[in-house]
Amino acid sequence: MRRYYFICYFKLFVIVAIIRYIALYFFVQRVSIVGQSVAHNNQTRICFIVPVRDRYLQKNIFTTFIQGKMSAEKLKYTLLYAEQTSGNLFNRGLLLNVGYAYLFNVTENACSYVYLHDVDMLTESTLMYGNYSKAAVMHLATNASQFDYVMPYPNYIGGIVGVMPSVFELVDGFSNCFWGWGGEDDDFYDRLMQRHLNVYRTQRARIISLSANHTDRFSPEYDRNVKLLHNKLACTSGLADTRRYLRKITKNVAPSTCYDDVCTVKVYSEYMYERTHAKL
């Protein structure tokens with residue numbers, strides 16, 4: 001009898017999951033084509049860097065979404081997935097650094113503005129990425145469904161952040177030292193504040209989250225990242241360090257991984273894990 005109930009519950013779970021992603025697919029189709037196009041300089045190219053690992057379905061949804069949004073806004077764009085291979089804890093900061101270095105040093109994309117974008121966050125139809133591409137630092141994920149459409153805390157700068165390339169270079173990108181969930185966004189905010197850079201936030205953007213809120217904040221790695229956040233001298237690795245070891249991290253991946261303005265670079269994190277897993 002228990003086996004029967006288990007099979008029934010499992011089938012119900014699968015059906016609900018399929019219905020959910022079908023609904024999301026049609027949502028993406030709808031919101032990505034809505035919006036009035038705006039005029040931009042012909043040289044404007046928006047670049048999206050999206051850190052992922054084992055997110056095949058969400059990658060497909062997000063790719064369709066961005067392609068529709070950029071078509072509606074009549075913008076040139078490059079969408080780059082920095083995809084970490086299995087084996088180590090997820091390192092969002094390292095992936096964003098690798099994606100940036102890959103775009104500017106390997107593919108030599110002329111990105112005029114860069115969005116650091118989570119794969120599980122979709123903006124609603126009224127937001128147009130091109131309208132915010134003049135701010136030095138613009139935080140868009142201020143009203144996300146996973147946080148009940150409020151900021152989780154005042155200095156939160158996660159989810160979706162737009163940044164000028166010169167600013168990302170100035171602060172040396174993200175720290176490479178935060179393995180597991182938590183800390184890298186707060187460290188990036190501290191880097192911006194140390195350079196006296198303002199973070200602009202829009203309250204107009206409503207974000208649909210494809211994933212629920214994280215539950216990793218009770219893990220040992222989260223505790224370690226909190227300690228690291230308050231001990232800046234424990235690890236100072238950043239974008240410059242990523243550039244020096246880019247070939248080892250990506251194992252000489254060629255730029256041919258790009259197709260129709262969508263690129264994927266594989267990130268083999270073992271080497272950087274040995275270098276940046278600070279002892280606390």
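This text walks through a predicted model of one protein chain, from its overall make-up to a few single residues.

Start with confidence. The mean pLDDT of the protein chain is 80. A value of 70 or more is reached by 77% of the residues. Among the elements, strand E3 (residues 113-117) has the highest mean pLDDT, 97. Helix H1 (residues 2-33) has the lowest, 48. Over residues 21-40 the pLDDT is below 50. This stretch still has 34 contacts in the model beyond near neighbours in sequence. Where pLDDT is low, the predicted coordinates should not be read in detail.

Now the overall make-up. The protein chain holds 9 helices and 9 strands. It has 280 residues, and 51% of them are buried. Take the contacts between residues at least 6 apart in sequence: 81% of these join residues at least 24 apart.

Helix H5 is a good place to look closer. It spans residues 184-194. H5 is mostly covered, with 8 of its 11 residues buried. The buried set begins with Glu184, Asp185, Asp186 and Asp187. Phe188, Tyr189, Arg191 and Leu192 complete it. These buried residues pack against two helices given here with their ranges, H3 (92-106) and H6 (220-229). They also pack against helix H4, strand E5 and strand E7 (200-201). After H5 comes His196, whose phi is positive, near 60°.

H5 also helps to form a pocket. The second largest pocket has a volume of about 250 Å³. It is lined by 17 residues. Closest to its centre are Val171, Asp187, Arg191, Gln194 and Lys232. H5 gives the largest share of the lining, 4 residues. By type, the lining divides into 7 nonpolar, 4 polar and 6 charged residues.

Ser175 leads back to the same helix. This serine lies in the loop between helix H4 (165-170) and H5. Its relative accessible area is 3%, so Ser175 is buried. Its side chain reaches the backbone nitrogen of Cys177 at 3.1 Å. Leaving out residues up to four places away in sequence, Ser175 touches Asp187 and Arg191. Its other partners are Asn91, Gly93, Leu94, Asn97 and Ser237.

Next comes the loop between strand E5 (137-139) and strand E6 (160-163), where Gln146 lies. Is Gln146 buried or exposed? Its relative accessibility is 15%, below the 20% cut-off, so Gln146 counts as buried. The side chains of Gln146 and Ser209 are joined by a polar contact of 3.1 Å. Gln146 and Met121 are 25 residues apart in sequence. Their C-alpha atoms are 9.4 Å apart in space.

Tyr149 is found in the loop between E5 and E6 as well. Tyr149 is not a glycine, yet it has a positive phi of about 60°. Most residues other than glycine have a negative phi. With a relative accessible area of 27%, Tyr149 is partly exposed.

Lys74 offers another case of backbone geometry. It too has a positive phi, about 55°, although it is not a glycine. Lys74 sits in the loop between helix H2 (56-73) and strand E2 (76-84). Its relative accessible area is 64%, so Lys74 is exposed.

Conventions:
Residues are numbered from 1 along each chain as its sequence is written. Side-chain values use heavy atoms; hydrogens and water are left out. pLDDT is the predictor's confidence in each residue, from 0 to 100. Contact means heavy atoms within 4.5 Å. On a 1 Å grid over the protein atoms alone, a cavity is a set of points where a 1.4 Å probe fits but cannot get out, and a pocket is an open set with protein on both sides within 12 Å along at least five of seven lines; lining residues have an atom within 4 Å of a point. Grid points are joined across faces, edges and corners, and a volume is the space filled by probe spheres set on the points. Ala, Val, Leu, Ile, Met, Phe, Trp, Tyr, Cys and Pro count as nonpolar, Asp, Glu, Lys and Arg as charged, and the others, Gly among them, as polar. Buried means under 20% relative accessible area, exposed over 50%, partly exposed in between (1.4 Å probe, protein chains only). A polar contact is a pair of N or O atoms within 3.5 Å; within protein, one must be able to donate a hydrogen and the other to accept it, and residues adjacent in sequence count only if both atoms are side-chain atoms.
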